[in-house]
Amino acid sequence: MPTEGNRRPGDSQNDLSGSSRDVVQAGSVTGGIHFHHVAASGPSGPVPRQLPADVNTFVNRSDELGQLNAVLADRNGGRVVVSVHVVAGTAGAGKTGLVLHWAHQVKDQFPDGQLFVNLRGYDPGEPVTAAQALRRFLRALGVAPAEVPQDVDDAAAMYRSLIADRRVLILLDNAATVSQVRLLLPGGGDSLVVVTSRSRLAGLSVRDGAQRITLGTLPEPEAVALLRAVTRGYRPEDDGDKLAELARLCARLPLALRIAAERAASHPHMQLDDLISDLRDESALWDALSTGIDDEAEAIRSVFTWSYRALPTHSARLFRLLGLHPGAAFSLPAAAALGESTPSRTRQLLDDLVGAHLLEQTAPDRFQFHDLLRAYATDLAQSEEPSDQRQAARRRVLSWYLHTADAAQTWLYPSEDHLPLPGPLPEVTPLVFTDYNAAVDWSEREQGNFLPAVRDAARNGMDETAWQLATILWFARPASSSERDWLELGRIGLEAATRREDQRAQTRLLINTGIAHRALNNFSEGLDALERAVALARSSQSRFDEAQALNLMGLIHLRQRELDLADAHFGQAMSVFRDLGNGQRTATALSNIASTRLSAGRLPEAASVIDEALAAHRALANRGGEGNLLRIAAALRLEEGDTDAARRSIDEALDIALALRDHTREGFWLLTLGDIQRTAAQHGDALTSYQRSAMLHRRLGDRSREALAWRGTGQTYAAMDRHGEATTFHRQAAAVHRDLGDTWQLALELDHLAAAVHPEDPETARGHWIEALTHLTPYTDPRATSIRSRIEALLTRAAG
């Protein structure tokens, strides 16, 4: 289950003390740094096998297959000749079919796996972004969802690092622009990328050395061979000249040819002359209606219409209505909601569409359109469905998403209050989940439809549904998603709630927006959203929402080391939560107060609330909150000089992190364990703890905390009189804090760096201490004052 340490939406009320979500490019910061006591190692990861099924009855394209084979060197494990290849061609030319057929033939030459993504660059909806594709690939390569970096450049760096020493085949289907592709390219090595596109993607050739195959229409003999291959066994042998005429009417494009062949195969007793006559009539109509449309587009439209009009009435209506689904891929239950039918009846209709080659089945209960067919279905819905019927279908499918997401929240966030909702529409049967994994599976499958669904509601005048969906999807999105992904949903939902003048809805969405911005280190944007939330909550007298927003503002102030402001906001929030009788939120605010006071160096004041907060979390069986308090208690006891008590607390905290399988908590709390071990002169153990912490934070994409692990390592080496190694680690850590603009941590690091270099180079040490003082100037809390006084005394003695 998600917990506070995973930074999931409902858990961000509890601070883990100043994390940064900035991400390091794997291998780019550590340079020559090595941990000597524990060898850095990582799992090789799973071998992804993401290729969709090979195309049935693939024929022809032998020249193009030969060109693709030429991309590979010898079959004895040699390097690939070209690392990027583009297969370009007109819509419906069979680019995907060709590449998949070839990939299945050569997949054994890529023993480390095959990655595949449909980028949907030409789909009527939104294309898949490079960031979304990166997250999918990283998960397929074994990166846990919570460990995928938020920043797209850092995710790309992690991806390149993971495949640098692997031989992987990477298929990027339906790319519209170079920007969809470039971040998905390996940095080097033996992997091969094959891209399909209607565009030439010239930028890949110029900058990345990509080679190109241009796929045209099939030569007439090959087009006839494809028709024969699909109809073989279903019809008597058709006349070659007549098949050539049918191929010409299909513009010799594989997509149109397959649809035509499927219809011919499904009518084995119908004369081919009659089929050709029908299609010729359809083509003549489109010739008359079209103005400036290329021949291939006219032919494809003709074939689509010819096949569509042969469908049974109910199948044809479902095909039209599916054009109104927000996304290109959908499930059987969503289709049933759209079509106002039972799942069993809908399955029969979907089978008709799959059999007619108008729809593709990708899993037992999951389907998708070719982008051309989706555009065609959408046009049919606009032209043949009355506007009230279109709107009713949209309402049904969005009601299904709304209530199914609400059911997922029950498992994903059982402690969070549900949004009051009207019941689902009478024709809609939302899913019910039997366990946590089932809810997560649904969320992961459907996440690509979440933003399109919210956008569709807002565009079609369903503002209430739009803000409700945006609100519930905050709690129903998968752990693999980023807060960045939700922000656009939140923006659309907030605009919809504002149009409805619903203050409570606006407040909810602003609070979630504040949480998202804080997780992304967008502190000014986060504070702005939360200040607006406080104002709205006070206006509507929603004290709980007011307290939530105040607590979150405190977390942002704590991250920026505005400690008095943080303490004040936490105190206000705690007072309201306590008045409302909300024990869990009260305990959370107490924890944040303890963390703030410890950070300020106000140890007695921190101690005064730790025991109360710890008891509250234990009474509520809040294991994550309990572990966080134990970590704070351990740090406090260490500062008080009681290393034994500190060790007992941190061991108990880490047991909780391991039981929760929570790497975020484990990585952070290991820093405290390392500090305790270093203080106890257990230097080897301390280095081990810091090394694992650094490794976990590298995988989590948290540069700030990774640098804190380097700091601990540097301090440990200094305690061992290995000042050269200490200097190396402190310099790297200082560079990260400087890059992140964290002046407090930079000042601390410069202090440690000065101490490490002082034995060999006192003048350089003096420079570091002087700079540290300039960074400490804004801070007036007791800890900052104490550090400043100590450094000033050191400089005075050095001058004397």
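Student: What share of the protein's 800 residues counts as buried?

Tutor: Keep in mind that this is a predicted model. A residue counts as buried when its relative accessible area is under 20%. Go through the 800 residues with that cut-off, and the buried share is 56%.

Student: Which residues have the most contacts inside the largest nonpolar core?

Tutor: That core has 174 residues. Helix α15, residues 387-412, gives the most to this core, with 10 residues. As for contacts inside the core, the top names are Phe319, Leu322 and Leu350.

Student: Which residues does Leu350 touch, if we skip those up to four places away in sequence?

Tutor: Touching here takes heavy atoms within 4.5 Å. With the sequence neighbours up to four places away skipped, you're left with Leu318, Leu322, Phe330, Leu332, Ala335, Leu359 and Phe367.

Student: How many residues are in the other core, the one with Leu134 and Phe137?

Tutor: This core lies apart from the largest one. Ile163 and Leu201 are also among its members. Its residue count is 33.

Student: How far does helix α28 reach from its first C-alpha to its last?

Tutor: Helix α28 runs over residues 683-700, so you've got 18 residues to work with. At 1.5 Å a residue, you'd expect 26 Å. The model comes close to that, with a reach of 25 Å.

Student: Which helices do the buried residues of α28 pack against?

Tutor: Start with who's buried: the list includes Ala686, Tyr690, His697 and Leu700. The buried residues of α28 pack against three stretches, 152-163, 663-679 and 703-719. Those are helices α4, α27 and α29.

Conventions:
Residues numbered from 1 in each chain as written. Predicted model: local features only at pLDDT ≥ 70, side-chain atom pairs only at ≥ 80, totals over all residues. Heavy atoms only, no water. Core = buried A, V, L, I, M, F, W, Y, C linked by side-chain atoms within 4.5 Å. Buried < 20%, exposed > 50% of the residue type's maximum accessible area, 1.4 Å probe, protein only. Helix = DSSP H or I, 4+ residues; strand = E, 2+ residues; numbered from the N terminus.
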